[in-house]
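This report walks through one protein model, from a single loop residue out to its sheets and ring pairs. Please keep the sequence and the 3D view at hand.

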Amino acid sequence: MLYSKMLLPTLKETPAEADLISHQLMLRAGMIRNLAAGIYCYLPLGYKVIRKVEHIIREEMNRAGAQEVLLPVLSPAELWQESKRWEVYGPELIRLKDRHQRDFCLGPTHEEVITDLVRRDVRSYRELPLNLYQIQTKFRDEIRPRFGLMRAREFIMKDGYSFDGSETEAEESYRRMYEAYHNIFKRCGLDFRAVEADTGPIGGSFSHEFMVLADMGEDRIVSCPGGDYAANIERAHAIHPQEKNKLPIDLRELEQVVTPDMKTVEEVSAFLGCTAGDLVKTLVVQVDNEVVFTLLRGDHEINLTKLRNLLGSEQLALADEETIVRVTEAPVGFAGPLGIKGYKIIADLATKEMSNFVTGANKQDRHYINVNWERDVIPAQYADIRVASAGDLCPHCRKPLEFSRGIEVGHIFKLGTKYSQALRATYLDEQGREQLIIMGCYGIGVGRTVAAAIEQNHDQYGIIWPKALAPFKVLLLPLDMADQEVMNLTSEYYDGLAQAGIECLLDDRDVRPGIKFKDADLIGIPLRVTIGARDLKLGTVELKIRKTGQTLKSSPEQAPTTIKQLLEQVD
């Protein structure tokens, strides 16, 4: 490809609207352009990288036995109403009406559509297992689209679905997709981890997120350095060291103390001369149509996702001020578990061994000290309902957990029969009995994968593409456009690389060398070959590896062979 013929509008300055490095570099490198909030045009360079990711996905999905389909973007409300997600999916679902005033939505995902397809055409156990996937544009009306392709309203996604006749087959389908995803992200040249995750609005019994490790990642990852355990912070189970909270022999006498206008954990602990870990805070939670009291150590955070899963609720949030005042009969900041009747009390596991602790007294400017379990408070249950924190131990090996950040690029789910039951997707087993199909769901954000690759692979000058994703493998950069020898050799290299099947970009622009060098570093092609009149007089051409910055000199005759050898070595 000739640079002069390519729509490749690079930018010198960083656009003001771009905060993330990947967003900045994709704009500066002429990969994407913004049309509206969270909606982007893919320019030739950017779309070439998108296609590289799609190619890897297709190869690995096909190798794993999946079949590619293409489903409609537009889907009727009736399907979503059957699954009950028309009501519960929320404002991210883009809804519209056709000219006949019939309700439709733009697909954010395709569980309903694919289940409808299968229920119409799959009848017998002989047609199972079945694994279908597509690569298609999705739509989600994000409240705050940001970070370029990381959180967009319109995006390219690979979504796949498995259909099985037994739990054993479903486990095997999940395992194959788990391995296929490992292969995909490994081939993309990414440093990633598969972590246990919450299923969210997709639903199902179990899931794994595939996280590209990056300091700017929106998601927090909890992992064990000595084992295989890794989880998203929403799901991470952890054990808190209990040495300092061992139950003492003497239980001190319960006492109510004055805490004037002391509402926060920090204020109360400072006033009473104790630590935040000596307090048990009470958080009132609205769960569907009831109120639940939750108890946590003062230095811990509630994990509403864990609580929602524990209670099996659909609607769950911290109660508003009006509700708190009504159920505690006290201002916000003084809630406590003593004397509470008619409401369920759930205490976090990390509080179980605590003794002589501090709680709110359900009275303005009052707290209790020397509170103890059983004698003063009896929770309905103890459960893991908090966010894992520094100092926690691995639930498997008891080693200290590590915390890092990551970008979610893939998510796989065990759906079970959630959608097949709602939409009545069944098959006849060997005895002719009707059975529900067991499903799995598997997604990859194609654009997010590209952006995550940039977050992991860049320097102060620009992008450093992993070889598998690079839009071109080689950049030919002639310095003296008027020199016939330079241009003849450049053309010779260009034709030879094309014949060898090596994608090559020839910077044939008649601009200053400095501009060419800056653009070369910005767009990040793995290998740059510089041909200049001065070097040719010395019998050399220059080869530079973008990732390492290593510069080599080669004879003009040997250069094509050296290029191929270097490309084999580059990651």
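Asp261 is found in the loop between strand β13 (255–258) and helix α7 (265–272). Helices (H or I, at least four residues) and strands (E, at least two) are DSSP runs, numbered from the N terminus. The model is predicted: local features need pLDDT of at least 70, side-chain atom pairs count only at pLDDT 80 or more, and totals for chains, interfaces and linings use all residues. Residues are numbered from 1 along each chain as its sequence is written, and side-chain values use heavy atoms, with hydrogens and water left out.

**The loop residue**

Is Asp261 buried or exposed? Asp261 is exposed, at a relative accessible area of 52%. Buried means under 20% relative accessible area, exposed over 50%, and partly exposed in between (1.4 Å probe, protein chains only). Leaving aside residues up to four places away in sequence, Asp261 touches Glu267, Phe334 and Asp365. Contact means heavy atoms within 4.5 Å. Glu78 is 183 residues from Asp261 in sequence and 54 Å away in space, C-alpha to C-alpha.

**The whole chain**

The protein chain has 15 helices and 31 strands. Its C-alpha trace spans about 95 × 65 × 50 Å along the principal axes. Of the 571 residues, 53% are buried. Among contacts with a separation of 6 or more, 69% join residues 24 or more positions apart. The accessible surface is about 26,400 Å², and carbon and sulfur atoms hold 49% of that. Accessible areas come from the Shrake-Rupley method with a 1.4 Å probe; for residues, only the protein chains shown count as cover.

**Two open sheets**

One open sheet has five strands in the order β16-β14-β15-β17-β20, with mixed pairing. Strands β16 (316–318) and β20 stand at the edges with a single partner strand each, so one side of each has no neighbour in the sheet. Neighbouring strands here are turned by 35 degrees against each other on average, direction ignored. Two strands pair if DSSP finds at least two bridges between them. Helix α9 (residues 321–328) lies across β14 (280–287) and β15, and runs at about 90 degrees to β15. Axes are lines fitted to C-alpha atoms, for helices over the stretch in contact, and angles run from 0 to 180 degrees between N-to-C directions.

Another open sheet of five strands follows the order β28-β27-β29-β30-β31, again with mixed pairing. Its edges are β28 (504–506) and β31 (551–554); each has a single partner strand, so one side of each is left without a neighbour in the sheet. The average turn between neighbouring strands is 20 degrees, direction ignored.

Two helices pack here. Helix α12 (residues 484–499) lies across β27 (474–478), β28, β29 and β30, at about 165 degrees to β27. Helix α13 (residues 513–523) touches β27, β28, β29 and β30, and its direction makes about 175 degrees with that of β27. Buried residues of α13 include Asp519, Leu522 and Ile523. Just after α13, Gly524 takes a positive phi of about 75 degrees.

**Strand pairs**

Three pairs show how strands are matched.

| Strands | Sense and bridges | Facing residues |
|---|---|---|
| β1 (residues 32–36) and β2 (residues 39–42) | antiparallel, four bridges | Arg33 and Cys41 |
| β15 (residues 290–297) and β17 (residues 344–348) | parallel, four bridges | Val292 and Lys344 |
| β29 (residues 527–531) and β30 (residues 541–545) | antiparallel, four bridges | Thr530 and Glu542 |

The hairpin of β1 and β2 has two residues between the strands, and there Gly38 takes a positive phi near 75 degrees.

**Aromatic rings**

Rings of Phe, Tyr and Trp (its six-membered ring) pair if their centres lie within 6.5 Å; planes under 30 degrees apart count as stacked, over 60 as edge-to-face and the rest as tilted. By this rule there are 11 aromatic pairs. Tyr174 and Tyr442 form a tilted pair, 6.5 Å centre to centre with 55 degrees between the planes. The pair links helix α6 (residues 167–187), home of Tyr174, to strand β24 (residues 438–445), home of Tyr442, across 268 residues. Both Tyr174 and Tyr442 are buried.

Phe357 and Trp373 have ring centres 4.9 Å apart and planes at 45 degrees, so that pair is tilted. Both Phe357 and Trp373 are buried. Elsewhere, ring pairs link Tyr178, Tyr181, Phe185, Phe192 and Phe210 into a cluster.

Charges also sit over rings (NZ of Lys or CZ of Arg within 6 Å of the ring centre and within 35 degrees of the ring normal). The charged end of Arg95 sits over the ring of Trp86, 4.8 Å from its centre. Arg509 lies over the face of Tyr3, at 3.8 Å from the ring centre.
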